Amino acid sequence: MGNRRHAGSNASFAKRRRKMKEGLDTKNPNEDNRSSYETTIRDNEKFVQYYKMQNICSEDEWNTFLEVLKTDLPTSFRITASCDVEAKILLKLVEGVFFTDLLKGELNDEQKNSKPFCLPWYPQRLGWQLKITRKDIRGSEAYYRLHNFLISETGNGNISRQETVSMIPPLLLDIQPSDKVLDMCAAPGSKTAQLIEALYSGSTSSVPDGLIMANDVHNARCYMLVHQAKRLNSANVVITNHDATVLPVMNLDENGDSMLKFDKILCDAPCSGDGTLRKNADIWTKWSPGNANNLHGIQFRILKRGLELLNVGGRLVYSTCSFNPVENEAVVQRMMTEAQGSVVIINAHDKLPGLKIVNGLSKWIVVSKDLDVYKTFEEVPEKWNTQIRPQMFPPKEDLYNLDKCIRILPHHQDTGGFFVTLMEKIKPLPWETCVKQTDEVVDEVKVNNYKRKPKKRRYQGYKEDPFIFLTVDDPVWPEIRDFYELNNFPIECLLTRCSVGKKKNIYYTSTSVRDIVKNNQDRVKIINTGVKTFVRCDNKSMECNFRLAQEGLAGISSFIGQKRRLQLTRTELITVLKNPTIPVTSLDQATKDILDNFGVGSCILDMVDKDFPIELVGWKGFSTLKAYVNGECRLHYLRLLGVDVSEFDVNKFKKENNEDGPEDKSGICLDEVPEVQVKEELIQSEKSE
């Protein structure tokens with residue numbers, strides 16, 4: 001396959017080269033003929049005509065709606081809320097340092113109108129929005145520093161850059177630490193990350209009782225979910241690759257006697273995406289009235305399957321980034337009709353004070369891709385009967401309170417477009433029956449006395465390595481247990497992806513996630529789960545062949561004894577974080593006395609503080625000590641400790657001929673090396689020793 005593909009490319013290149021020699025081809029292969037983002041046509045006559053007929057906003061707002069829709073979307077981000085203490089310190093840093101610099105600097109008229117804006121409806125002031133362009137970043141030191149800060153903290157999982165309206169659905173679900181949550185169409189994963197944060201934010205335990213199952217039908221996009229989950233280092237997440245319309249009920253035991261039903265479900269369905277026109281300008285030229293008609297069926301099936309997997313008393317959010325009522329209210333009213341009173345729409349209009357919303361529509365029109373309008377299904381020509389279905393038409397009377405649905409319009413708060421509905425299941429659905437799962441039947445649903453047996457879905461993409469859970473008899477367990485003094489540790493929650501040979505990484509999962517993975521690997525394709533906790537480190541000087549990993553430290557720290565713990569003062573910890581390695585002789589005498597008999601190897605560096613305790617993975621060498629964390633993590637904790645880290649940034653606005661060298665505002669001497677080299681050493685420090 002690969003040879004054939006490259007052969008075709010080479011043949012085309014050779015043919016073009018011959019033409020150029022003969023003077024027949026004047027096209028320059030290195031010339032970029034793509035149109036710029038600014039010149040993309042932001043207009044579509046059918047779009048304007050269609051939504052004008054739908055009355056999605058009032059007549060006096062229509063022109064403003066269109067004008068705003070043709071402008072670029074502002075940048076927005078939120079501070080991770082999983083750790084309340086860190087979130088407050090980071091918020092104080094953002095407001096007190098970066099935004100202050102922006103406001104006090106010399107700004108032109110355009111920049112003055114793009115001051116940072118706190119989203120009034122986002123809890124604890126953790127959501128922010130600002131208009132920032134590449135030109136602003138290049139021309140302003142304050143914007144440049146903010147840009148570097150956002151990139152650094154985003155990679156570390158402490159800040160998430162996410163579209164404003166995309167933050168709404170997870171908030172409406174009101175996730176609790178004990179909730180079992182399903183994200184049915186999760187990729188690329190920004191909402192999944194928000195669900196994970198919510199699971200942890202109200203928990204008193206480092207590993208909550210609940211779980212997040214993030215699913216997506218596209219195999220390649222599932223790895224985007226893996227990236228998002230890894231940023232947050234959660235042991236409560238499992239990522240699956242399955243068609244959401246036939247997602248099977250999960251077994252919680254080997255016999256299949258206990259089935260998993262979810263307390264909260266997010267159904268962010270695939271849609272035409274015209275609510276994202278400000279971000280994806282190419283949709284203007286691709287938009288067609290028929291797009292929504294083609295998506296209505298799969299959106300309904302996903303919503304229906306979501307309600308089947310929901311516990312009685314549980315809540316589901318159905319959302320799209322589309323303005324089209326055929327994808328929104330029509331899907332909801334069709335579901336409500338079939339549910340026959342088993343599901344109700346919850347009025348969520350007042351759940352996010354400060355958010356400007358518009359009520360859901362109770363009347364809309366249905367059109368063909370040629371924009372022919374039909375008031376009833378009987379008017380639809382036979383050639384369109386497969387695309388336009390009777391369930392797409394509005395009801396004669398609104399029996400389900402569709403006005404309780406939420407619509408977000410771009411011109412109200414300078415956002416994208418969005419649709420959200422909060423639903424609650426108050427009793428079993430009419431067709432739900434108690435059917436025991438078997439290997440032959442993925443799921444069995446009874447609808448009008450007809451039993452349908454969905455076909456088993458053929459796996460796509462790579463074949464995943466197995467998930468193998470450790471037991472007390474595993475050869476590597478005794479050395480790990482004894483070296484770290486692990487007491488009452490749930491070894492059954494440790495897993496590896498290696499079935500033969502040496503175990504390289506060992507991951508930790510919650511009990512609830514373990515039950516799902518252990519009993520369902522043959523029923524659904526599981527892409528990833530667990531947080532890296534132990535990493536093989538074949539060091540002859542270390543008694544144990546596995547070091548601790550910073551990613552999983554929070555989940556297992558309570559089980560680790562005092563043998564491999566080292567308590568440091570605030571000043572000592574700052575020194576360790578600022579340098580790739582430090583000599584033990586530079587530490588306080590009390591710390592040196594402890595390290596005399598400490599032994600070489602992985603350890604925990606503790607900074608005891610009643611307001612902000614810190615635990616980091618460290619490494620004790622023969623005569624040195626270091627924090628075994630990456631460079632971005634070092635910078636993060638230095639910021640939280642109040643240290644000015646600007647010296648580690650590559651700042652093009654600073655003069656290079658600084659004779660005095662980098663200034664250390666914390667009073668600790670730094671090696672006199674160029675700033676770029678310092679940052680490279682910080683990032684590479686994890687690879688040393």
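In this predicted model, the elements that cover the buried residues of helix α13 include α12 (290-308), β11 (310-320), β12 (343-346), β16 (406-408) and β17 (418-425). Helix α13 itself spans residues 329-339 and is mostly covered, with 9 of its 11 residues buried. The points below take up this helix, the nonpolar cores, two helix crossings, and two loop residues, asparagine 158 and isoleucine 426.

**Helix α13**

- The buried residues of α13 are Glu329, Ala330, Val331, Val332, Gln333, Arg334, Met335, Met336 and Ala339, a list that takes in charged and polar residues such as Glu329, Gln333 and Arg334.
- Just after α13, glutamine 340 adopts a positive phi of about 55°.

**Nonpolar cores**

- In soluble globular proteins, nonpolar side chains tend to be buried together.
- The largest nonpolar core in this model comprises 87 residues, and those with the most contacts inside it are Phe149, Ile168 and Ile239.
- Helix α4 (residues 84-104) supplies the largest share of this core, namely 7 residues.
- A second core, separate from the largest one, holds 76 residues, among them Ile265, Phe323, Tyr374 and Leu409.
- Once neighbours within four places in sequence are set aside, isoleucine 168 is in contact with Trp121, Leu352, Leu355, Ile408 and Val420; of these, Ile408 lies in β16 (406-408) and Val420 in β17 (418-425), two of the strands that help to cover α13.

**Asparagine 158 and the crossing of α7 and α20**

- Asparagine 158 is located in the loop between α7 (141-155) and β4 (159-161), and its relative accessible area of 12% falls under the 20% limit, so asparagine 158 counts as buried.
- The side chain of asparagine 158 is joined to that of histidine 636 by a polar contact of 3.2 Å.
- Leaving out residues up to four places away in sequence, asparagine 158 touches Ile79, Thr80, Glu86, Leu90, Glu153 and His636.
- The axes of α7 and helix α20 (residues 631-640) come within 9 Å and cross at roughly 115°, and the two helices are therefore roughly perpendicular to each other.
- This crossing of α7 and α20 is left-handed, and the contact is made by Phe149, Ser152 and Glu153 on the α7 side and by Glu632, Leu635, His636 and Arg639 on the α20 side.
- Histidine 636 thus appears both in the contact between the two helices and in the polar contact with asparagine 158, while Phe149 of α7 is also one of the residues with the most contacts inside the largest nonpolar core.

**Isoleucine 426**

- Isoleucine 426 is placed in the loop between β17 and β18 (445-447), where, at 43% relative accessibility, isoleucine 426 counts as partly exposed.
- Beyond residues up to four places away in sequence, isoleucine 426 touches Val312, Gly341, Ser342, Val343 and Val344.
- Isoleucine 426 and arginine 315 are 111 residues apart in sequence, whereas their C-alpha atoms are 9.3 Å apart in space.

**The crossing of α2 and α3**

- Helix α2 (residues 45-54) and helix α3 (residues 62-69) have axes that come within 12 Å and cross at roughly 140°, and the pair is therefore oblique.
- The crossing in which α2 passes α3 is right-handed, with the contact made by Phe47, Val48, Tyr51 and Lys52 of α2 and by Trp62, Leu66 and Leu69 of α3.

Terms used
Residues numbered from 1 in each chain as written. Predicted model: local features only at pLDDT ≥ 70, side-chain atom pairs only at ≥ 80, totals over all residues. Heavy atoms only, no water. Buried < 20%, exposed > 50% of the residue type's maximum accessible area, 1.4 Å probe, protein only. Helix = DSSP H or I, 4+ residues; strand = E, 2+ residues; numbered from the N terminus. Contact = heavy atoms within 4.5 Å. Core = buried A, V, L, I, M, F, W, Y, C linked by side-chain atoms within 4.5 Å. Polar contact = N/O pair within 3.5 Å; in protein donor to acceptor, adjacent residues only side chain to side chain. Axes fitted to C-alpha atoms, helices over the stretch in contact; angles between N-to-C directions. Parallel < 35°, antiparallel > 145°, perpendicular 65-115°, else oblique. Left-handed = near helix turned anticlockwise from the far one by under 90°.
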